[in-house]
Amino acid sequence: MIDFQAIIEGISNNLQSVYDRGDVATYIPELAKADKNKFGIHLIDSSNNNFSSGDSEEAFSIQSISKVLSLAQAFGKVGDQLWKRVGVEPSGDPFNHLSLLEMENGIPRNPLINAGALVVCDVLISHFDNPKDDFLSYVRRISNEPEIYYDEKVAQSEKRSGFNNYAAAYLLKSYGNLKNDVETVLDFYFHQCSLTMSCRQLAKLFYIFMNKGKCLQGQAYLSINQVKRINAIMLTCGFYDEAGEFAFEVGLPGKSGVGGGIVALLPNKFCVVTWSPGLNPKGNSKLGMLALEQLTSKTGLSIF
Ligand code: DON
């Protein structure tokens, strides 16, 4: 039996001496306040044993990690129809690039780049009367964590500075791939990205992706086939132009966010979340990637 607690503590200790922790994201001014000395890690195994170290109880902005959750809700709702409006190929580009969108007539490469996530938001807005409330309660129900909230300050900060997302939304609209108005879609998207929670809460939430679509309470939210597909998208697209590097170093499906969180999972074995706000030049948590590389190398547990 693997001693996850000892391994995680060992990794936390190793990382304390890393001098270059990357840089916190500043293009959303509210995120610039994060402390890059923070580091937290939480792992849940398939029998719901929990292991953690560092600042794993501190809430942080999950940002793009939320795109997997909105994708899950939309896919669960409309099924394979979703793929008429968004692709499943890696883009090889940064998360906010727009050039492919124009070349490919307004069909985003995948649901994890910003343009693709905006289409997913549009689908949810068309299907729910109160999409922000419905999305939040979906997240609270899956995780069984009623104390998860949107961070209004972060959402408003991104609304004031998110010109690139405005450009993506207007481009999508011009190609007929947004049914609702641009302001409504962006308001939902900025709130979705502002979700704030701890490593532990996020690991409970992503448990469904390692447990064939069922949450810790045993309720099914996705079919086995849908989970397979979402995990495939995380593996190939979850780290944008660093997806290859993440597969190479870590070898797990996962998703990063510019708040410094990373979630990764090994189907039927474990789900792990790291948080450290310093990012590498590609926008992924520097210490998070190092920690997960050590975790899969030390345990020998990866999809490869
Ligand atoms: O749209 C944005 O730019 C942010 N709300 C989310 C970006 C993000 O987290 C990219 N992931 N690494």
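A crossing of two helices is called left-handed if the near helix is turned anticlockwise from the far one by less than a right angle, and right-handed if the turn is clockwise. In this predicted model, the crossing of helices α5 and α8 is right-handed, and helix α8 returns in several of the groups below. The chain holds 12 helices and 8 strands, and the points that follow take up its overall dimensions, then its two sheets, and then the packing of its helices.

**Overall dimensions**

- A compact globule of 304 residues would have a radius of gyration near 19 Å, and the chain has 18 Å, which agrees with that expectation.
- Taken along the principal axes, the box filled by the C-alpha atoms of the chain is roughly 55 × 40 × 35 Å.

**The sheet of five strands**

- Strands of a sheet pair through backbone hydrogen bonds, and they do so in either a parallel or an antiparallel way.
- One open sheet in this chain has 5 strands, arranged in the order β2-β1-β8-β7-β6, and its pairing is antiparallel.
- At the edges of this sheet stand β2 and β6 (254–256), each of which pairs on one side only.
- On average, and with direction ignored, neighbouring strands of this sheet are turned by 5° against each other.
- Strand β1 (residues 40–45) and strand β2 (residues 50–54) run antiparallel and are joined by 5 bridges; within this pairing, Ile41 has Ser53 in β2 as its bridge partner.
- The hairpin of β1 and β2 has 4 residues between the strands, and in this hairpin Asn48 takes a positive phi near 65°.
- Towards the other edge, β6 pairs with strand β7 (residues 261–266) in the antiparallel sense over 3 bridges, and Lys255 stands opposite Val263 in β7.
- Helix α12 (residues 286–299) lies across β1, β7 and β8 (270–275), and runs at about 150° to β8.

**The sheet of three strands**

- A further open sheet has 3 strands in the order β3-β5-β4, again with antiparallel pairing.
- The edge positions belong to β3 (60–61) and β4 (149–150), and because each has a single partner strand, one side of each is left without a neighbour in the sheet.
- The pairing of β4 with strand β5 (residues 195–197) is antiparallel and extends over 2 bridges, with Thr196 in β5 as the bridge partner of Tyr149.
- Helix α8 lies across β3, β4 and β5, and runs at about 10° to β5.

**Helix α8 and its contacts with α5 and α6**

- The axes of helix α5 (residues 131–143) and helix α8 (residues 182–193) come within 10 Å and cross at roughly 25°; since angles under 35 degrees count as roughly parallel, α5 and α8 are therefore roughly parallel to each other.
- On the α5 side this contact is made by Pro131, Lys132 and Phe135, while Asp187, Phe188, His191 and Gln192 make it on the α8 side.
- Sorted by class, the contact of α5 with α8 consists of 3 nonpolar, 2 polar and 2 charged residues.
- Helix α6 (residues 152–161) also packs with α8, at an angle of about 135° and with the two axes 8 Å apart, which makes α6 oblique to α8.
- The crossing in which α6 passes α8 is right-handed.
- From α6, the residues Glu152, Ala155, Gln156, Glu158 and Lys159 take part in this contact, and from α8 the residues Asp187, Tyr189, Phe190, His191 and Cys193 do so.
- The contact of α6 with α8 divides into 4 nonpolar, 2 polar and 4 charged residues.

**The pair α4 and α7**

- The axes of helix α4 (residues 114–127) and helix α7 (residues 163–174) come within 10 Å and cross at roughly 60°, which makes α4 oblique to α7.
- As α4 passes α7, the crossing is right-handed.
- Asn114, Ala115, Leu118 and Val119 of α4 make this contact together with Asn165, Ala168, Ala169 and Leu172 of α7.
- Of the residues in the contact of α4 with α7, 6 are nonpolar, 2 are polar and none is charged.

Technical notes. Residues numbered from 1 in each chain as written. Predicted model: local features only at pLDDT ≥ 70, side-chain atom pairs only at ≥ 80, totals over all residues. Heavy atoms only, no water. Pairing = 2+ DSSP bridges. Axes fitted to C-alpha atoms, helices over the stretch in contact; angles between N-to-C directions. Parallel < 35°, antiparallel > 145°, perpendicular 65-115°, else oblique. Contact = heavy atoms within 4.5 Å. Nonpolar A, V, L, I, M, F, W, Y, C, P; charged D, E, K, R; others polar. Rg over C-alpha atoms; globule rule 2.2 N^0.38 Å.
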